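Trainee: I am new to this structure, and I would like to go through it slowly, with a reason given for each label that we use.
Mentor: Then let us look at it together and take the labels in turn.

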Amino acid sequence: MYWQSFPPIKESIESAGIWARDIAQTQCPELATDAEQVARNLISAAIGRTPSAAYIYAQIDITRENLRIEVHHPDRPGSLGGIETAELSSIATSFGASGGPEGHRMWAALRRHRAAS
């Protein structure tokens, strides 16, 4: 499991993409480009919903089956929608969002490619 925090500023989109790509490149290189795009998308969506004094927290989990990116921010729960959903649905095998008093979470999973045996 990998963790990182990002301030809610435009530059975090690029930083999150590089972070996700670097992790994926070492663990499952076939997903590096998609991981970068998903991280950028999720951080971009969180920036507009996060107060300037708060942080956005990102997590990457890698299993035998998938690479999962989750983003959490402490304010304004909402749901994914519009362009966020369209972009994620073309890349991720599954994605979602949930919210509660602790904040809002958005996530997407990318299925790992299995080598032919």
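**Reasons behind the labels**

Trainee: Why is Val 71 called buried?
Mentor: Val 71 has a relative accessible area of 1%, and buried means under 20%, so Val 71 counts as buried. Please keep in mind that this is a predicted model. Val 71 lies in strand 3.

Trainee: What does Val 71 touch, leaving out residues up to four places away in sequence?
Mentor: Its contacts include Leu 42, Ile 43 and Ala 46, then Ile 56, Tyr 57 and Ala 58, and also His 104, Arg 105 and Met 106. As for His 104, that residue is 33 residues from Val 71 along the chain, and the two C-alpha atoms are separated by 8.2 Å.

Trainee: Which residues have the most contacts inside the largest nonpolar core?
Mentor: They are Val 38, Ile 43, Leu 67, Ile 69, Val 71 and Leu 110, in a core of 30 residues. Two or more residues each come from helix 1 (11-27), helix 2 (32-47), strand 2 (56-62), strand 3 (66-73), helix 3 (83-91) and strand 5 (103-111). Helix 2 gives the most, with nine residues. In soluble globular proteins, nonpolar side chains tend to be buried together.

Trainee: Which residues does Leu 110 touch, again without those up to four places away?
Mentor: Among them are Leu 31, Asp 34, Ala 35 and Val 38, as well as Glu 65, Asn 66, Leu 67, Ile 91, Ala 92 and Thr 93.

Trainee: How are the elements of the chain arranged from the N terminus on?
Mentor: They run β-α-α-β-β-α-β-β, and the secondary structure comes to three helices and five strands. Of the contacts with a separation of 6 or more, 64% are between residues 24 or more positions apart. Buried residues make up 43% of the 117 residues in the chain.

Trainee: What makes the pair of Phe 6 and Trp 19 edge-to-face?
Mentor: The structure holds one aromatic pair. The ring centres of Phe 6 and Trp 19 are 5.9 Å apart, which is within the 6.5 Å needed for a pair, and their planes stand at 70°, where over 60 degrees counts as edge-to-face, so the pair earns that name. Phe 6 belongs to strand 1 (residues 2-6) and Trp 19 to helix 1, and the pair links distant parts of the chain, 13 residues apart.

Trainee: Are these two residues buried or exposed?
Mentor: Phe 6 has a relative accessible area of 4% and Trp 19 has 14%; both values fall under the 20% limit, so Phe 6 is buried and Trp 19 counts as buried.

Trainee: How do you know that Arg 21 and Glu 36 form a salt bridge?
Mentor: Their closest N and O atoms are 2.5 Å apart, and the rule asks for a distance within 4 Å, so the pair meets it. Arg 21 lies in helix 1 and Glu 36 in helix 2, so the bridge ties together parts that are 15 residues apart in sequence. Side chains of opposite charge can pair when their charged atoms come close.

Trainee: Why is Arg 21 called partly exposed, and is Glu 36 buried or exposed?
Mentor: Arg 21 has a relative accessible area of 27%, which lies between the limits of 20% and 50%, so Arg 21 is partly exposed. Glu 36, at 15% relative accessibility, counts as buried.

Trainee: What other salt bridge does Glu 36 form?
Mentor: Glu 36 is also bridged to Arg 40, with the closest N and O atoms 3.2 Å apart; both residues lie in helix 2, four residues apart, about one turn of the helix. Glu 14, Arg 21, Glu 36 and Arg 40 are linked in a network of salt bridges, and the count comes to five salt bridges.

Trainee: What makes Glu 70 and Arg 105 a salt bridge?
Mentor: Their closest N and O atoms are 2.6 Å apart, again within 4 Å. Glu 70 lies in strand 3 and Arg 105 in strand 5, so this pair ties together parts 35 residues apart in sequence. Glu 70 is buried at 11%, while Arg 105, at 31%, counts as partly exposed.

Technical notes. Residues are numbered from 1 along each chain as its sequence is written. This is a predicted model: local features need pLDDT of at least 70, side-chain atom pairs count only at pLDDT 80 or more; totals for chains, interfaces and linings use all residues. Side-chain values use heavy atoms; hydrogens and water are left out. A nonpolar core is a set of buried Ala, Val, Leu, Ile, Met, Phe, Trp, Tyr and Cys residues joined through side-chain atoms within 4.5 Å. Buried means under 20% relative accessible area, exposed over 50%, partly exposed in between (1.4 Å probe, protein chains only). Contact means heavy atoms within 4.5 Å. Rings of Phe, Tyr and Trp (its six-membered ring) pair if their centres lie within 6.5 Å; planes under 30 degrees apart count as stacked, over 60 as edge-to-face and the rest as tilted. A salt bridge is a side-chain nitrogen of Lys or Arg within 4 Å of a carboxyl oxygen of Asp or Glu.
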